[in-house]
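Hi everyone, thanks for making time for this. Let me put the structure up on the screen, and then we can walk through a few parts of it together.

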Amino acid sequence: MDIVIIGDGKVGHKIVRQLSDENDNVVLIDQSEEKLKNSINELDISCIVGNGASAEIQKQAGVPEADLVIACASTDELNMLCCLLARRLGAKKTIARVRSPLYYQQIHLLREDLKLSLAVNPDQVLAEEISRVLIFPSAAKIEVFAKGRVELVEVLLGSESKIAGLSLAELYRKYQIKLLICAVQREQEVFIPDGSFVLRVGDKIHIASSHKEIERFFKTVGAMRNRVRTVLIGGGGRTAYYLAARLIPLGMQVKIIEQNQQRCEELCDLLPKATIIHGDASDHSLLEEEGLENADAFVSLTGIDEENIIMSMYAKARKVSKVITKINEEGLREMVEEMGMESVVSAKDITANMVLSYVRAMKNSMGSANVETMYRLIGDKVEALEFWIKEKTSYTGIPLKDLPTRENHLVACIVRKRQIIIPGGNDTLEMGDSVIVICKGRMMDDLKDILA
């Protein structure tokens, strides 16, 4: 596919890197020649120096012939203008990053006039991910499929875990719960496990099933954490606003610490049921004054990764049950996870996943199964994809045990007419099914790619 990306910031660079790995023809536009030099040295792409809102620059980048234009420059207004211009020049599809709550709330009114194919709000999507973990604090991360019917939950096995030392076959026999452990991270290694795989303390496991079954499993093995009632948030940016707006209607008490007084006043108007504190959330004495030790959860959401790390480490040292850390720098994220931080989130990763999912869906629109949802997990080493089978094909109606599947490719879950199936060897894939597949290494564009 021919794809043009406008903006080489954190989000834009992450998207460019992922799409260049997909063997797409990618052209990157940015006004900073220095940024583009770094991108050219790192990635197999073409670059144009200039303003993405210039018709001449877009023409040089090949926008009139492009399959997709993605605008993730510094401002919402620029992104929307770039997409409008791209469609007028002939681009087939456009995606804009739109972060302002005001613009995003009325994007459905503007989408047709702007000819937008998709609007992505990284702050809102990040807030949704964090809220899922706060609602179900036993999990480190939660991804959702099949319109929320299926969850893929990440869990760290601690020293007290009842399932460490069990093979997966033993675990399934012992607990008789309908779920599948479909990926395991052990230090720097990643496994798509079979029944003989033995779990160890320190493993990060990814469990696929319905929320009800996963919850029942946590209760059975004694890993269920108490419900979160009080949340302390460090940093009062857009993500903090979206997060508080989701948590307050659920009955949670939310307190936000923000350094900028004007922003505090804005948040007081936007979130009358939240407590807004004017101060520096990295000040440990202030955190203590505002009840850190009594909070059920602490979320660090400032714009500085290092501040978020320090605040989260302090919260963990003060025995806060649930600590969530926003980090965008990948090197720092790996370091923090190695230090034992359980829940680390990134707006740029979530945005890149959404865009890549859209690109995969465009690529396989003529195939037998559509890509509905896609996540990259464990440092992009594993993909979890949801396909919707729209017609009968060579792999439908055949028991899974008789399908020659590739190594490290696993059918994790089937959703058929609202019924969730954790597949065994005698189950089949059928037209109309939503199928969740986990794969390591080789990336998938079509469901048939699981076949050897």
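Glu342 counts as buried, because its relative accessibility is 15% and the cut-off for buried is under 20%. Please keep in mind that this is a predicted model. What does Glu342 pair with? Its partner is Arg225, and the closest N and O atoms of this salt bridge are 3.0 Å apart. Arg225 sits in the loop between α9 and β12, while Glu342 sits in the loop between α14 and β17, so the pair ties together parts that are 117 residues apart in sequence. Unlike buried Glu342, Arg225 is partly exposed, with a relative accessible area of 28%.

While we are on charged pairs, there is also a network here: Lys14, Arg333, Asp349 and Asp380 are joined by salt bridges that share partners. How many salt bridges does a search of the whole structure find? The count is 18.

Two of these involve a pair of helices, so let me take them in turn. Arg238 and Asp123 meet through their side chains in a salt bridge, at 3.1 Å from N to O. Arg238 belongs to helix α10 (residues 238-247) and Asp123 to helix α7 (residues 122-135), so this contact ties together parts that are 115 residues apart in sequence. Is Asp123 buried or exposed? Asp123 is buried, with a relative accessible area of 5%, whereas Arg238 is partly exposed at 35%.

Now the other bridge: Glu128 pairs with Arg246, and here the closest N and O atoms are 3.9 Å apart. Glu128 lies in helix α7 and Arg246 in helix α10, so this pair ties together parts that are 118 residues apart in sequence. Both ends are partly exposed: Glu128 has a relative accessible area of 25%, and Arg246 has 40%.

Arg238 brings us to open space, since Arg238 is among the residues closest to the centre of the second largest pocket. That pocket holds about 790 Å³. Its lining counts 45 residues, and those closest to the centre are Lys10, Arg97, Arg99, Arg238 and Asn328. Helices α7 and α10 are among the elements that give two or more residues to this lining, and so are strands β2 and β13. By type, the lining divides into twelve nonpolar, 19 polar and 14 charged residues.

Next, the enclosed space. How many cavities of 30 Å³ or more does a search of the whole structure find? There is one, and the largest cavity has a volume of about 40 Å³. Its lining includes Val11, Ile15, Ile70, Cys72, Val120 and Val355, along with Arg97. Two or more lining residues come from each of α1, β4, β5 and α15, and β5 gives the largest share, three residues. The lining divides into nine nonpolar residues, one polar and one charged. Arg97, by the way, is also one of the residues closest to the centre of the pocket we just looked at.

Last stop, the surface. Met313, Met335 and Met339 make a nonpolar patch of about 250 Å². Met313 is in helix α13, which spans residues 305-317, and is partly exposed, with a relative accessible area of 38%.

That's the tour, and I'm happy to rotate back to any of these spots.

How values were computed:
Residues are numbered from 1 along each chain as its sequence is written. This is a predicted model: local features need pLDDT of at least 70, side-chain atom pairs count only at pLDDT 80 or more; totals for chains, interfaces and linings use all residues. Side-chain values use heavy atoms; hydrogens and water are left out. On a 1 Å grid over the protein atoms alone, a cavity is a set of points where a 1.4 Å probe fits but cannot get out, and a pocket is an open set with protein on both sides within 12 Å along at least five of seven lines; lining residues have an atom within 4 Å of a point. Grid points are joined across faces, edges and corners, and a volume is the space filled by probe spheres set on the points. Helices (H or I, at least four residues) and strands (E, at least two) are DSSP runs, numbered from the N terminus. Ala, Val, Leu, Ile, Met, Phe, Trp, Tyr, Cys and Pro count as nonpolar, Asp, Glu, Lys and Arg as charged, and the others, Gly among them, as polar. Patches are made of residues with over 30% relative accessible area and no salt bridge: like charges are joined within 9 Å, nonpolar side chains (Val, Leu, Ile, Met, Phe, Trp, Tyr) within 5 Å. Accessible areas come from the Shrake-Rupley method with a 1.4 Å probe; for residues, only the protein chains shown count as cover. A salt bridge is a side-chain nitrogen of Lys or Arg within 4 Å of a carboxyl oxygen of Asp or Glu. Buried means under 20% relative accessible area, exposed over 50%, partly exposed in between (1.4 Å probe, protein chains only).
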